[in-house]
Amino acid sequence: MTRFVAGRIGFYTLVALLLAFFTIPLLWLASAPFTSNPTYEVRLPDFTWENFQIILEHPYALGSLVNSLILAIGTAVLVVVMSALAAYALSRVRLPGRDALLYALLLLSSIITGTAAMVPLFQLAIELGLIDSHTGLILIMTGGLLPAAIFMIKDFMDTTPKSYEESARVFGASPLQIVWHVVVPVVRPGLATIAVWTIANVWGNFLMPYLLLSDVEKQPAAVIMYTLYTEGGQANLKVLSTFGLLYSVPVVLMYLFVSKKYGFRFHGGIKR
């Protein structure tokens, strides 16, 4: 009995420590922007709006958030559309070596990351005139995320009953009409999963925007945040905490929206 009680106490102590480890930074992020002179300690704020005024007067802060939205949404749209079409084709067409191709794409996308391919990607962007271009950056990030997206969405495509498509084909529906009106409604939770995963990857991406966007007015928030330090290299906690809070808001809103619409389970649309 004593051993059981000691084990339970140890378990709950570990859980409490883990919760504190993740909760304390969030409490600091929620309180520091409303504090006149924030420190690294978590304390009750004095509810000042001075820090937000500093962000509003910053020449690039709000614009960088807009740039992040452009990059995230643009990449998500391309990844969702292209991965859905590719996964549907791979799911329905029997190609020799299809499964090997999928695993090869996933393996290569895991091994050849953005860091490993940094030099050839930069050279390719120069040759195609895509430096300082949101379009070029979106295309490059889309290419990096597509293999894993195709691999994930194919599982959703495989669970779609072919009888639905055959019925639509009998009534004269074209392949694209079948995809749009029959397949997409069924795999919508999977598409939402891919969209959230893509936006999260792009939103926090620092390396590619830093390399390909030299114009500070086009840089996203992840890069601009790097500049919110004093000349001595010290973190400007007033600006950094406030900008960090604003930087987190779109991701939190996206999470709440997806959680409300699909819940945490992302169930499919087929009743069995």
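Analyst: Let's start with a definition: a residue is buried when its relative accessible area is under 20%, exposed when that area is over 50%, and partly exposed in between. Keep in mind that this is a predicted model.

User: Okay, why is Ala200 called partly exposed?

Analyst: Its relative accessible area is 46%. The cut-offs are 20% and 50%, and 46% falls between them, so Ala200 is partly exposed. You'll find Ala200 in helix α9. The C-alpha atoms of Ala200 and Arg94 are 33 Å from each other, with their places 106 residues apart along the chain.

User: And what makes Asn67 buried?

Analyst: Asn67 has a relative accessible area of 7%. Buried means under 20%, so Asn67 counts as buried. Asn67 sits in helix α3. Skipping residues up to four places away in sequence, Asn67 touches His134, Glu217, Lys218, Gln219 and Pro220.

User: How do you know whether Ala84 is buried or exposed?

Analyst: Same test: its relative accessibility is 10%. With the limit for buried at under 20%, Ala84 is therefore buried. Ala84 is in helix α3, and beyond four places in sequence it contacts Val79, Met157 and Leu191. As for Val187, it is 103 residues from Ala84 in sequence, yet their C-alpha atoms are 9.2 Å apart in space.

User: Which residues of α8 are buried, and what covers them?

Analyst: In α8, the buried ones are Ile178, Val179, Val182, Val183, Val184 and Val186. The cover over those residues includes α3, α6 (134-158), α7 (162-170) and α9.

User: How do you know how the span of α8 compares with the expected one?

Analyst: Helix α8 covers residues 175-186, which is 12 residues. From first C-alpha to last, α8 reaches 16 Å, close to the 16 Å expected at 1.5 Å a residue.

User: What makes something a cavity here, and how many are there?

Analyst: A cavity is a space where a 1.4 Å probe fits but cannot get out. Rolling a probe the size of a water molecule over the atoms shows where empty space is left. Counting those of 30 Å³ or more, the structure has two cavities. The largest has a volume of about 40 Å³, and the second largest holds about 30 Å³ of space.

User: Which residues line the largest cavity, and how do you know their classes?

Analyst: Its lining is made of Ser68, Leu71, Met141, Val202, Trp203, Asn205, Pro209, Pro220 and Ala222. Leu, Met, Val, Trp, Pro and Ala count as nonpolar, while Ser and Asn fall among the polar ones. That gives seven nonpolar, two polar and no charged residues. Helices α3 (61-92) and α9 (188-203) each provide at least two residues of this lining.

User: What about the lining of the second largest cavity?

Analyst: Trp28, Ser31, Ala32, Thr35, Pro38, Thr39, Glu41 and Arg43 line that one. Glu and Arg count as charged, and the tally is three nonpolar, three polar and two charged residues.

User: How do you know where the predictor is confident?

Analyst: Look at pLDDT, the predictor's confidence in each residue, from 0 to 100. The protein averages 82, and 91% of the residues score at least 70. Among the elements, α3 has the highest mean pLDDT, 91, and helix α4 (residues 98-111) the lowest, 70. Over residues 266-272, pLDDT stays under 50, and the model has 14 contacts for that stretch beyond four places in sequence.

Methods: Residues are numbered from 1 along each chain as its sequence is written. This is a predicted model: local features need pLDDT of at least 70, side-chain atom pairs count only at pLDDT 80 or more; totals for chains, interfaces and linings use all residues. Side-chain values use heavy atoms; hydrogens and water are left out. On a 1 Å grid over the protein atoms alone, a cavity is a set of points where a 1.4 Å probe fits but cannot get out, and a pocket is an open set with protein on both sides within 12 Å along at least five of seven lines; lining residues have an atom within 4 Å of a point. Grid points are joined across faces, edges and corners, and a volume is the space filled by probe spheres set on the points. Helices (H or I, at least four residues) and strands (E, at least two) are DSSP runs, numbered from the N terminus. The expected span of a helix is 1.5 Å times one less than its number of residues. Buried means under 20% relative accessible area, exposed over 50%, partly exposed in between (1.4 Å probe, protein chains only). Contact means heavy atoms within 4.5 Å.
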